[in-house]
Amino acid sequence: MRQKSGTPSEQLSVIGRRKFINTAALAGLTVGVAACNDKSAGPAAAPAASTAARVANAGSEVGKYEVAPGQLDDYYSFSSGGHSGDVRIYGLPSGRLFKSIPVFNMDCLVGWGITNESKKIIGTKPDGSPKYRTGDTHHVHPSYKDGTYDGKYIFVNDKIHGRIARIRMDTMETDKITELPLVQGFHGIFPDKRDPVDAAINHTTRVFCGGEFSIPLVNDGKNMEATKDYRSVFSCVDAESMEVRWQVVIDGNCDLVASSYDGKLACSNQYNTENGARYEDMMSAEMDSCIFFNVARIEAAVKAGKFKTYGSSKVPVVDGSKAGNADPKTALTCYVPVSKNPHGVNASPDGKYYACSGKLSPTATLIEHALVLKWFDGELKDAREAVVAEPEIGLGPLHTAFDGRGNAYTTLFLDSQIVKWNVEAAIKSYKGDKTAKPVVDRIDVMYQPGHGFTSMGETKNADGKYFLSDNKFSKDRFLPVGPLHPETAQLIDISGDKMKLVADHSVYSEPHDSIIIPRNLIRTRQVYDINEFPNAVKDAKECRVERKGKKVTVYLTSQAPTFGLREWTVKRGDEVTIILTNLDKVEDLTHGFAIPKYDINFIVNPQETKSVTFIADKPGVYWCYCTNFCHALHLEMRSRMLVEA
Ligand code: K7E
Ligand code: CUA
Ligand code: CA
């Protein structure tokens, strides 16, 4: 959805510019987007006001959302970085960037992809280099307990290589990465919130993963032309072991994923039920689906041995196709028809509904959880009867968030708006009540929003305070910085009847999904426990060089402003492993370690141990130095590596 236009936007009026952006965003879509005739609905549906008027909307209260020097933010926001492959942590309402957590990317700030420990998590090629150096993070979702966040893990997907990563929330570091078999283009991800069978398990033990691109399940270069036989799978990963528990082969694709509050269902919107390999084909059907997975039945089928495996993968794969699940009473999957090419599916905090955004249809489709369960019980004639509302909300709806007061907020990509609609009014209107007006407010955003999310909106404790709109275009909102613009994250106060735009935050390209969590739910550690590292060098006196044939291990410590060895000697051609423990215990006292010409650069946090391995192939003197400012004598903090010819 990125179609940068390069327009000389200064010459256009604000309204003209908005029109232009809409045109640009539509260019290339060969099918028409159905017109939305709901433009007059809602008190704020008037044409776009001027920028000045919009800023005045927040009025003199803007200062209310500032975080003064020395003050702390009320919320954390965890945001996927998109094709930068990382996850970022921001403070809200300030919008200050605190950290970029390397996940699927390489990061020389901390040495991600450089240290042995990080390479072990990423996975390596036979030569020891990282298996992949790129990633595309789209969706970040933490683990749950009792329907709210437990502060343990964040799960994030890599769309490119079909990987799922887990971030520990105590250290905010990636600790596991799993590559899903049979998957290309892994898009939606969502943890479960409780077990479907065991009531005592009221926390996350599974993570659901939606495969987006259909491929030959045995993808070995044969049968590449038989595109109708390509398949997508839905995967379940164990939240603790991070191993793939089971997969479901389905008709059509998965896009985004949601999970129910009672643990019984997971679901995914499908935009390509046509199983098309060309985009015209993917848009040919008038209706697509939201597919529901009956978790307990799938696991019973796996247990009963009703599965297959494909290629070299040992993961059990059950049949979730329509043909294989015709009888609702035994079905593993339920395909609820929704309007054309939907995008995004979000569960409401009361656990009752799922909202699918129309994307190519100007509607949102509301599906009732209890009715889907009824379908699985054989008590609903047609899965479509699980739909309880389908309000017209505007053009290009993508993602929906909730405020916990019965309202939904959907991003409108083409309209560059956030639309607020009332769930109960939408249901009444769908039943035929002409007086019910689903749309209650609209606000312009700058420009073309992707995801929008509310504070705690994906938990039963949605607090209805903030909505953040992650926009795909920023155009004129910031000082120009060359062809690649920043994106905008716009903060909207949703605590009142009317949405209020209160801040424009610039963000590095290209955020997708985020979550907003109050600061009291996050408990981090500032200093590691040295005993967690089996290879720790616990005393500066233990610093030494050990040789076994051509393998040399250098045991090193750091303690401001010195390393445990002033110099050490190795021979050309040696395989050198450096193990470095930071003995400093003081919070915030991180050291770095870089070796010129050897492409080594990483940090050690207080009481942490890391290691690197390389071939000493260049004779000479190399000053290994501390890269991270730590002490008045930081520049003097060095050690000499002597490589004998
Ligand atoms: Cu809409 Cu990958 Cu969540 Cu991006 S997806 S916006
Ligand atoms: Cu240690 Cu700078
Ligand atoms: Ca379609």
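Begin by selecting β17 (343–347) together with β18 (residues 353–357), two antiparallel strands joined by four bridges; strands here are DSSP runs of E with at least two residues, helices are runs of H or I with at least four, both numbered from the N terminus, and two strands pair if DSSP finds at least two bridges between them. This is a predicted model, in which local features need pLDDT of at least 70 and side-chain atom pairs count only at pLDDT 80 or more, while totals for chains, interfaces and linings use all residues. Residues are numbered from 1 along each chain as written, chains are lettered from A and ligands numbered from 1 in written order, and side-chain values use heavy atoms, without hydrogens and water.

Within this pair, pick V345, which stands opposite C356 in β18.

Next, widen the selection to the open sheet of four strands, ordered β17-β18-β19-β20 with antiparallel pairing. Because β17 and β20 (387–389) each have a single partner strand, one side of each edge strand is left without a neighbour in the sheet.

Add helix α6 (residues 369–376), which lies across β18, β19 (364–368) and β20 and runs at about 60 degrees to β19; contact means heavy atoms within 4.5 Å, and angles, from 0 to 180 degrees, are taken between N-to-C directions of axes fitted to C-alpha atoms, for helices over the stretch in contact. Helix α7 (residues 423–430) also packs on the sheet, touching β18, β19 and β20, with its direction at about 105 degrees to that of β20.

Finally, turn to ligand 1 and select the residues around it (near means a heavy atom within 4 Å): H138, H139, H187, L256, H343, H399, G450, H451, K472 and H512. β4 (137–145) and β25 (449–454) each supply at least two residues of this shell.
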